[in-house]
Amino acid sequence: MTNKKVKVATVSLAGCFGCHMSFLDLDERLVELVEHVEFDRSPLTDIEHCSSDCDIGLIEGGVCNSENVHVLREFRKNCKILVAVGACAINGGLPAMRNHISLEDCLNEAYRDGIGVENAQIPNDVELPLLLDKVHPLHEVVKIDYFLPGCPPSADVFWKFLTDLLAGREPSLNYELVHFD
Amino acid sequence: MNNKSIVIDGKNVPFEDGQTIMQAATAAGIYIPHLCHNPDFTPHGSCKLCTVKVNGRNCSACTFPASEGQNITNVTKELNDDREKITQMLFVEGNHFCPSCEKTGNCNLQAVAYHLGMTDNHFPHFFENREVDASHPDVMIDHNRCIFCTLCVRASQQEDGKNVFAISGRGIEKRLIVNSESGLLKDSDLDVNDCAAHICPTGAILIKRTGYKVPIGQRIFDHAHIDTVTLANEGASHDE
Amino acid sequence: MQQFIRQLAQENDFQSTCLLKILRAIQARYFHIPKAAIEQLAPILNIPRTQIQNVIAFYSFFHFEPRGKYDILISSSITDLMVGQKELIAYFAEKLGVKIGEVRADGVVSLNNTSCTGMCDQSLAGLVNGYAITKLTKARIDEIVENVNKQLPLEQWSRDFFKVEDNIIKSGLLLNQKPIQGEALKAALERGLKETWEEISVSGLRGRGGAGFETAMKWHYASEEDAEQRYVICNADEGEPGTFKDRVLLNSYAHSVFEGMTVTAAFVGATQGFIYLRGEYLHLYDKLEAILEDRRKANLLGKNILQHGFDFDIEICLGAGAYICGEESALIESLEGKVGIPRNRPPYPVTSGYLGKPTVVKNVETYFAAANIAIHGGEWFAAFGTAKSKGTKILSISGDCVKAGIYEYPFGTTIQTVLDDCGATDVLGVQVGGPSGTFIANNEFGRKLAFEDLATGGSFIVFNNSRNILDMVHNFSHFFAHESCGFCTPCRVGTSLLKKQVDKIVEGHGSAGDIVALEELCQLIKNYSHCGLGQTAANPVLTTLERYPELYQNMLKKISYEPGFDLDKSLETARRLANRDDAAAHLAQVEE
Ligand SMILES: Cc1cc2nc3c(=O)[nH]c(=O)nc-3n(C[C@H](O)[C@H](O)[C@H](O)COP(=O)(O)O)c2cc1C
Ligand code: SF4
Ligand code: SF4
Ligand code: SF4
Ligand code: FES
């Protein structure tokens, strides 16, 4: 391993932060990791935008709105290696289960016709990102280099993947580490 | 006794007349990935996961008869890479959200994907709108997960002596249909004890109220490979 | 309705093998297959209702929901597009006041696209209630719209609309023959069946439907099988876009075709024959029935044919809109009243075909040739052609040429000769053998028509330099995705993925990795599909990508990746519901 620290950025798009929590399950191994890794944009830091020289981007969650698209593009532009982390990033996951209901029905149910809705109105503040018709996995919007399956991927998956990369090995997950659930 | 044999990945494998390559391989303890094949029913040959090279030509092992002089390759990078892509096709065709599927950990489709080292779905998703039929008191169908292997169709006909299921539609419009006037499972003559209710290799046909009896993490494929599990099950059923 | 269906079933002896025929009659009368009809038919035909539902869902010409009283389908193959199909169908839709694919609110008329109807030499063509209409122009469309709106019965429409020309431009060895009815059969019986088989063998006649299997061998295998019943089937499904020579043979040489079948039956010992006629050729049905009736009267069919002690009869079975039913085992399934899904092989039809009995399936042209060989002998035929491809081949030529129509050539003829004859100039390339065949570029016109070089079932589509090859690839990819039977994964999912991938590139959304992805997909479909449809479905892409890689490259954006779906369009619903149109309410397809 070289002396220069590897820059890692992370983000959660249409996800539940479960993958990030699982990442934190690395526990004491995190200490070892930060000897080689420096975190850039990430909920773990407070950096708001990726530096232009990020090495690895870890992305949790699928793409459900216009902001997700912008953030994903920012990551793609600034990270040498982009990794789809977890079921939602890989196939849309739980949020994509809305894909078989039309967006119009979804919004009407949530903001207009649903039980207990007051001041029924579909939000239209220009500050709010608009929803896409369907939730898409990352690889349908930008090029993705690696996939870490799991809901969430276990800390061991992150560990194996990152240590492989840091050691200059082609990352590979053995059987016990490949899980879709 | 006979001493006819085929060669699979350099190994001599005996066979009897009338056996398929799959049958000979399974009996010899060789796993060939498969989804639509189940030794208890007439082979179907539709998923194409079991494709092997027979003297250089691609053949479906589950339907192709073994015969003298066959030099077969089964485990090669090329074949397994392509099998992975075929599996990925099945994943993008349906809507497979494993974390919310009762079958996870016990699912053959998922296990084959694990076996082939599949980590993503590679192709663009169809995200087709498919329905769930929860009308039956004990059994439900989630069409999102059907891979059209026809095992339920065959099991109903060949084992249960009924005709509860069929695969309908052309091309990408294929759908499982139920033989009842309303088209609903509750109006069919399916019984929860029917073989057809239990045969589905995926989470498309599920028995209600049993889904989480075994916790995730302790399920069949959480630790065991599909090859060993399959050979243990299907090898045995051949010896009968 | 109940009585109608009961009677229909009775007329067909309650045989489930007649399911397509029964459903065709119900569809014609009620413009769909009502649910009640399914419920009534299932028990009396002794089949599960799901078999009927499957058949309705599988074949394009059956519907669960009513179509219009006048159901109009417009051929949408590449040769139709060449004569402005898109504009004309849009015109038709506008004049009728109906959306393409839909039924007009008053239920009188419906309009849709359909796969090639086998009229490529008289485009634009279509079907009205199953009957072929040709040479559609705006003027003709206006007249049809008027007829429809007046609800004029089809019989009172101008006969000109329904005129189907033979357009035989160049006859050769076979088309020049004008055999006398019964001549081939008599010659065969006089010579002796075994001896006639030897003539067929000497002639080297290979199948004309595409695969090129040796005819004599098929006869031999089928006759060797131990069975109490055998069948002879004539494959007149002619679904390969750009092929229409079987239609002409059946229109003008039907006696010879039937005679070829009868000689085959006599040799293999079959008593029943079928001609599987594609639904699009409904207009030939009555004529062919009459010819069969003539032949029965002349004792050329029926019992104790020509006092030679053998029985044989032929039944015409109509398809219902499914290209895959041209594949011989799917065809047999269809004849059995089922969906056209190709069987697992072995066993092959010669050992286990129709109802599990030995069955010879041959193309129309093969029987036609066999009949003539029975008269003139094997040497006569083998004197033409090449060493591996004996005799002549009948081509259906369409596209950019002066004289589209039927041409007969000895095998071994160069593509250039053919192009010169049909008056094709400024040629960019030729699609030989239809979508499942090969696209050849204009530096390959020295190549030859032959099984060992350019094999073809007869389709020959010429493209001149004003054409965009990618339009053709686009059209053919959609064709295969539409016609895939869906049995096996690589073709069912693969052809639909391929369609999307081709659309992406053709519509200008392709980026760096997309050609690699395209090729990879093509190889999967080609190498892993169950039958010939899937195995050839990627040919349009593969054969053009090999010849014109730059054409594909030029379509790509100079970026590393572009989404396969329209991002901005994906925000449309949300924009509308939030009543927004500000800059942040839009997305660029690629990053600026
Ligand atoms: C998708 C597909 C479509 C086919 N369509 C036809 C057809 O329309 N007509 C035909 O004669 N053969 C067709 N064939 C070939 C038949 O399977 C079969 O080989 C042929 O009918 C045998 O007759 P032959 O030996 O005279 O060529 C098709 C094959 C495939 C795979
Ligand atoms: S059926 Fe199998 S692959 Fe599909 S969602 Fe369920 S567990 Fe996953
Ligand atoms: S429901 Fe299950 S068993 Fe039946 S066809 Fe679908 S995947 Fe196969
Ligand atoms: S290759 Fe296509 S047409 Fe042939 S069996 Fe498979 S899905 Fe059906
Ligand atoms: S297992 Fe052989 S094709 Fe499915």
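This briefing covers two interfaces of chain C, one between its own domains and one with chain B.

This is a predicted model, in which local features need pLDDT of at least 70, side-chain atom pairs count only at pLDDT 80 or more, and totals for chains, interfaces and linings use all residues. Residues are numbered from 1 along each chain as its sequence is written, chains are lettered from A in the order in which they are written, and side-chain values use heavy atoms, without hydrogens or water.

**Domain layout of chain C**
- Chain C is divided into domain 1 (2-58), domain 2 (70-165), domain 3 (170-382), domain 4 (392-464) and domain 5 (470-591). These bounds come from an automatic or database domain assignment.
- The C-alpha centres of domain 3 and domain 4 of chain C lie 26 Å apart.

**Domain 3 against domain 4 of chain C**
- Contact (heavy atoms within 4.5 Å) joins 24 residues of domain 3 to 23 residues of domain 4.
- The buried area is about 1,800 Å², with 60% from carbon and sulfur atoms. Buried area is the accessible area (1.4 Å probe) that two parts lose on being put together, summed over both.
- On the domain 3 side, C:Lys170, C:Arg208 and C:Phe244 lose the most area to domain 4, together 33% of what that side buries.
- One salt bridge crosses this interface. A salt bridge is a side-chain nitrogen of Lys or Arg within 4 Å of a carboxyl oxygen of Asp or Glu.
- C:Glu365 forms a salt bridge with C:Lys393, with the closest N and O atoms 2.6 Å apart.
- Polar contacts link 13 residue pairs, both residues at pLDDT 80 or more. Such a contact is a pair of N or O atoms within 3.5 Å; within protein, one must be able to donate a hydrogen and the other to accept it, and residues adjacent in sequence count only if both atoms are side-chain atoms.

**Chain C against chain B**
- Chain C brings 38 residues to the contact and chain B brings 40 residues.
- Together the two chains bury about 3,200 Å², 57% of it on carbon and sulfur atoms.
- Three salt bridges are found across this interface. B:Glu93 and C:Arg492 meet through their side chains in a salt bridge, at 2.7 Å from N to O.
- The two chains have 20 residue pairs in polar contact, both residues at pLDDT 80 or more.
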